[in-house]
Amino acid sequence: MGIHMTDNVVAFDRWIRTSFVAMNDELEEIYFGGTNRSVVCKAGANVREQLLNDGRNFIIPLLREGNTDEGFEAAFDLLGNVGMYMAACRRHEMTEPSRETRSPLVEASALAMHLGASLGVVPRFATSHLSTHNPAIKGSYKTFTSLTDEALFLDYNTRAIFAYKRAADALVRILPLGVSHPVAYDLLCNARDALLAVISSNELLFTELDSERFFYCVRPYYKPYRVGFAEYRGANAGDFAGINEIDMLLGLCSANDSFYSQLLVDKFLYMMPEDQVRLRDCMRRQSLLNALLAEMPSSTSEAWYRRTAGMFLEVCEAHGRTAAQHHDQLVQKFINVPSRALPEISLQTVTASGLPLEVLLRSLEKLRDLRLAAPREDIPSRYQDLESLRRSLN
């Protein structure tokens, strides 16, 4: 199923890039200037009503068209536009899943479900709609607002996602060669350099992004919302295959671990279909760590082993640093600290996953420590195996 770029599709996209942004901007300034920034004020009711009705007026003719022409990209792009409209309605509390059994956005839900089912993805906007598959027109891509902090967040997240993808691509290419192949070392170097680029993007994000603006004016667009009767969690920056391919190819995480496999199951339909294929393929592969451990008894004195194992450890160290950065700096500064100022009732809806904040933080801490191969006995950490690899190089 695809979408022909009809006049209605083009008009809706133009609205998402212009008037939709202007209305969100106006509302964000009202909320941010209020006494409680976490509350959607009564002021701005006319703007919210206009956003709701204008979006519906674009969606009704699209639903009537029943587009079934050509092109995954166009169909996926339209799903993103419908999803951004629904997410804005959720942000401005014209829909709120805890008080509903079905979405009041009836036409938008119907179009989103048709598109999502046809494409094999969730019927809501996902990370890729705002990062890897967000077409720019004359230098400007789609955003909810024109706030500098939203653009910073998306710019650096997109750079980090592509860097993770480069690292994953390099590691996957080692599999048909084997760890003792001379080019395996080169590919590990490529993976390490890509992960260092993630670290640079994270550092710039940490330094330049305003935590108050992000927390109160950007994150609320990532909340869960209903499509039809079902509630879907918000978009997550990790909703692509690359980061999990790295986890499993390095051997730091395993699809056999129930905690980690649950993460994979939960994110499959939030990823592009080609990413879903890559992740399934990766789940059945032997990790590079296990391959090196198998070589260790007979190869520790060989030049290839010492070069490759040494670089492998550098890749693991870089991947662990990105995980520590995300949890210890980004999550702490942009989610945990600002949330302390919220009243208890507001904490219930602060996370994009819909989980209570303390539950989310425990899960992220566990994931960080798996990626760091931290010395913990209560998780399947590869700490001892990496230590064995390090000792073999002494």
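A residue counts as buried when its relative accessible area is under 20%, as exposed when that area is over 50%, and as partly exposed in between. The exercises below apply this to a predicted model.

**Exercise 1.** Decide whether Arg371 is buried or exposed, and find which residue its side chain joins in a polar contact.

*Solution.* Begin by placing the residue in the fold: Arg371 lies in helix 16, which covers residues 357-372. Next, take its relative accessible area, which is 10%; because this value is under the cut-off of 20%, Arg371 is classed as buried. Then look at the side chain, where a polar contact of 2.8 Å joins Arg371 to Asp247. Finally, list the surroundings: if neighbours within four places in sequence are left aside, the residues in contact with Arg371 include Asp247, Ile243, Asn244, Cys316 and His319.

**Exercise 2.** For the salt bridge between Asp13 and Lys142, work out where the two partners lie in the chain and whether Lys142 is buried or exposed.

*Solution.* Side chains of opposite charge can pair when their charged atoms come close. For Asp13 and Lys142 the distance from N to O is 3.7 Å, and a salt bridge requires a distance within 4 Å. The pair links distant parts of the chain, since Asp13 belongs to helix 1 (residues 7-17) while Lys142 sits in the loop between helix 6 and helix 7, 129 residues apart. As for accessibility, Asp13 has a relative accessible area of 12% and is therefore buried, and Lys142, with a value of 2%, is buried too.

**Exercise 3.** Classify Glu96 and Asp193 as buried, partly exposed or exposed, and name the salt-bridge partner of Glu96 and of Asp193.

*Solution.* Glu96 forms a salt bridge with Arg90, again at 3.7 Å from N to O. Arg90 has a relative accessibility of 3%, so this residue counts as buried, and Glu96, at 12%, is likewise buried. Asp193 meets Arg192 in a salt bridge of 3.1 Å, but its relative accessibility is 39%, so Asp193 counts as partly exposed. Salt bridges can also share partners, and in this way Asp328, Arg368, Asp369, Arg376 and Asp378 are joined into one network. In the whole structure, 23 salt bridges are found.

**Exercise 4.** Describe the largest pocket by its volume, its lining and the classes of its lining residues.

*Solution.* The largest pocket holds about 1,400 Å³ of space. Its lining is made up of 50 residues, and those that lie nearest the centre are Asn236, Ala237, Gly238, His326 and Leu364. Among the elements that give two or more residues to this lining are helix 7 (148-172), helix 14 (303-339) and helix 16. Sorted by class, the lining has 27 nonpolar, 15 polar and eight charged residues.

**Exercise 5.** State how many cavities of 30 Å³ or more the structure has, and set out the lining classes of the largest cavity and of the second largest.

*Solution.* The search finds two such cavities. The largest has a volume of about 60 Å³, and its lining includes Thr127, Lys165, Asp239 and Asp275, with three nonpolar, four polar and three charged residues by class. The second largest cavity, of about 30 Å³, is lined by residues that include Ile174, Leu188, Thr308 and Phe312, and here the classes are seven nonpolar, one polar and no charged residues.

Definitions and conventions. Residues are numbered from 1 along each chain as its sequence is written. This is a predicted model: local features need pLDDT of at least 70, side-chain atom pairs count only at pLDDT 80 or more; totals for chains, interfaces and linings use all residues. Side-chain values use heavy atoms; hydrogens and water are left out. Helices (H or I, at least four residues) and strands (E, at least two) are DSSP runs, numbered from the N terminus. Buried means under 20% relative accessible area, exposed over 50%, partly exposed in between (1.4 Å probe, protein chains only). A polar contact is a pair of N or O atoms within 3.5 Å; within protein, one must be able to donate a hydrogen and the other to accept it, and residues adjacent in sequence count only if both atoms are side-chain atoms. Contact means heavy atoms within 4.5 Å. On a 1 Å grid over the protein atoms alone, a cavity is a set of points where a 1.4 Å probe fits but cannot get out, and a pocket is an open set with protein on both sides within 12 Å along at least five of seven lines; lining residues have an atom within 4 Å of a point. Grid points are joined across faces, edges and corners, and a volume is the space filled by probe spheres set on the points. Ala, Val, Leu, Ile, Met, Phe, Trp, Tyr, Cys and Pro count as nonpolar, Asp, Glu, Lys and Arg as charged, and the others, Gly among them, as polar. A salt bridge is a side-chain nitrogen of Lys or Arg within 4 Å of a carboxyl oxygen of Asp or Glu.
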